[in-house]
Amino acid sequence: MSTRLGGEFCLVCGADPPLFGDRMCEPCLRARTVLAKVPENVPWVRCARCGIVEIDGKWENTTEDEVWDELLHRNLVVHERAEDIQLGMEPVKVSDRHTLLHIQLEGVIDDLLFQEEHTMRARMANGVCLTCTRRAGNYFEATVQLRSSARRLSEDEFKRLRATLDDVLEKLSDDPMFFITTEGPVTGGYDVVLGSKGLARAWGRHLISEYGGMVIETNSTVGRKDGVDVTRLTLLYRKPGYEIGDVVQWRHHMWRPSAWTKEGAIMERIDRRERTGASWRDLEQAKVLAQRHEFIEVDFINEDATAGEFLDPNTWEMSLVRLPFEHIPGRKGLLIRQDEEWIALPHMAIDTPEQVED
Ligand SMILES: [Zn+2]
Ligand SMILES: [Zn+2]
């Protein structure tokens, strides 16, 4: 023990300087200081049904490594004067529920370097997330009905339409209500029942921007809860059954859509030079007579100003067809068969393979 007066000395053991922090010598400071404190056990919750993790009261889709980081940062209490902290962590799984997190830590307190190792046991508990709770209760807010106009779609076409929901889900945020309650084919279409009206509407907008057509929304009140009406949304989407270039029956004539517009399509008449814009609503009455892949291409063997002769590819007999109004002599014919008769189509840009410029 030092009895010197006036000079500096360790407040604990009386040792001579150098002194650090609260006027202690290095051994005394080290004996009384820890760089960090960690709890022995830390709980975390994972949804037993879907595997997402609860972090700070929020359910999130995350990896185990992110869980360990999160647990570390939430539970590690570092000395308030510590600087230049370096952290390393190694998770070691001991069982399905238990993982030991070995932590190496260094940092500087009052110019002294501290190096410590700690172990924290992460203990997983099973829970059920909000989404799974709602799903288990068959909760739903909206039904999207996929249908078509002008032509019945094939099962494959409905599958492709349905697949766009996955794209929409991927792009949207991790809203716990963005889930599918049930789905399946119905007569003439496909129904998808969803946990969220917002998701239904987002999908509806996506379908319109990808395939045109329109959406009809119906809201119905199904009850009251906590003084508020509980409503369900039904969203009917009709995909136009025609593509650019197909032949459709519309307003008692045959037309071919030549381009999409914001609200519908540009329609070109087949029997004369006429072009008009039509809205999706106008086109609800349209009916597909032939899709482009059903067209038959022929060479005319003989032709005059109004008619062309060709070999019927089905019977190999000479047949006659009225030439389209804009026919150029020598050009191939693009035919469809309608009511036992051949019809030659006027050509559109889409019928001519693109010229490659050199
Ligand atoms: Zn001391
Ligand atoms: Zn879940």
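Start at the zinc ion (ligand 1), which is held by the SG atoms of Cys 10, Cys 13, Cys 25 and Cys 28 at 2.2 to 2.4 Å. Keep in mind that this is a predicted model. The four donor atoms make angles of 105 to 115° with one another, and the site is tetrahedral. Read along the sequence, the donor residues fall into the spacing C-x2-C-x11-C-x2-C. One pair here ties distant parts of the chain together: Cys 13 sits in the segment before α1 (26-32), while Cys 28 belongs to helix α1 and comes 15 residues away. How do these two fare for accessibility, buried or partly exposed? Cys 13 has 34% relative accessibility, so it counts as partly exposed. Cys 28 comes in at 9%, so it is buried.

Now for the other metal site. The zinc ion (ligand 2) is coordinated by Cys 47, Cys 50, Cys 129 and Cys 132, each through SG, at 2.2 to 2.3 Å. Is this arrangement tetrahedral or irregular? It's tetrahedral, because the angles subtended by the four donor atoms run from 105 to 116°, inside the window of 85 to 135 degrees that the label calls for. The donors of this ion follow the spacing C-x2-C-x78-C-x2-C along the chain. Here too a pair links distant parts of the chain: Cys 50 lies in the loop between β2 (41-47) and β3 (53-55), and Cys 129 lies in the loop between β8 (112-127) and α3 (130-136), 79 residues apart. Cys 50 has a relative accessible area of 40%, so it is partly exposed. Cys 129, at 1%, is buried.

Step back to the whole chain, and you'll find it divided into domain 1 (1-32), domain 2 (37-130), domain 3 (138-239) and domain 4 (247-351). Taken over C-alpha atoms, the centres of domain 2 and domain 3 are 40 Å apart.

Next, the empty space inside. Rolling a water-sized probe over the atoms reveals where such space is left. In this model the count is one cavity of 30 Å³ or more, and the largest cavity holds about 50 Å³ of space. Which residues line the largest cavity? They are Ser 149, Gly 213, Met 214, Arg 238, Pro 240, Tyr 242, Trp 280, Leu 283 and Glu 284. The elements giving two or more residues to that lining are β13 (228-240) and α6 (280-283). By class, the lining has five nonpolar, two polar and two charged residues. Domain 3 (138-239) and domain 4 (247-351) each supply at least three residues to the lining of the largest cavity.

Note on methods. Residues are numbered from 1 along each chain as its sequence is written. Chains are lettered from A and ligands numbered from 1 in the order in which they are written. This is a predicted model: local features need pLDDT of at least 70, side-chain atom pairs count only at pLDDT 80 or more; totals for chains, interfaces and linings use all residues. Side-chain values use heavy atoms; hydrogens and water are left out. Donors are N, O and S atoms within 2.8 Å of the metal (3.2 Å for Na, K and Ca); water is not among the atoms, so sites may look incomplete. Four donors count as tetrahedral if all angles lie between 85 and 135 degrees; four count as square planar and six as octahedral if opposite donors are over 155 degrees apart and all others between 65 and 115; anything else is irregular. Helices (H or I, at least four residues) and strands (E, at least two) are DSSP runs, numbered from the N terminus. Buried means under 20% relative accessible area, exposed over 50%, partly exposed in between (1.4 Å probe, protein chains only). On a 1 Å grid over the protein atoms alone, a cavity is a set of points where a 1.4 Å probe fits but cannot get out, and a pocket is an open set with protein on both sides within 12 Å along at least five of seven lines; lining residues have an atom within 4 Å of a point. Grid points are joined across faces, edges and corners, and a volume is the space filled by probe spheres set on the points. Ala, Val, Leu, Ile, Met, Phe, Trp, Tyr, Cys and Pro count as nonpolar, Asp, Glu, Lys and Arg as charged, and the others, Gly among them, as polar. Domain bounds come from an automatic or database domain assignment.
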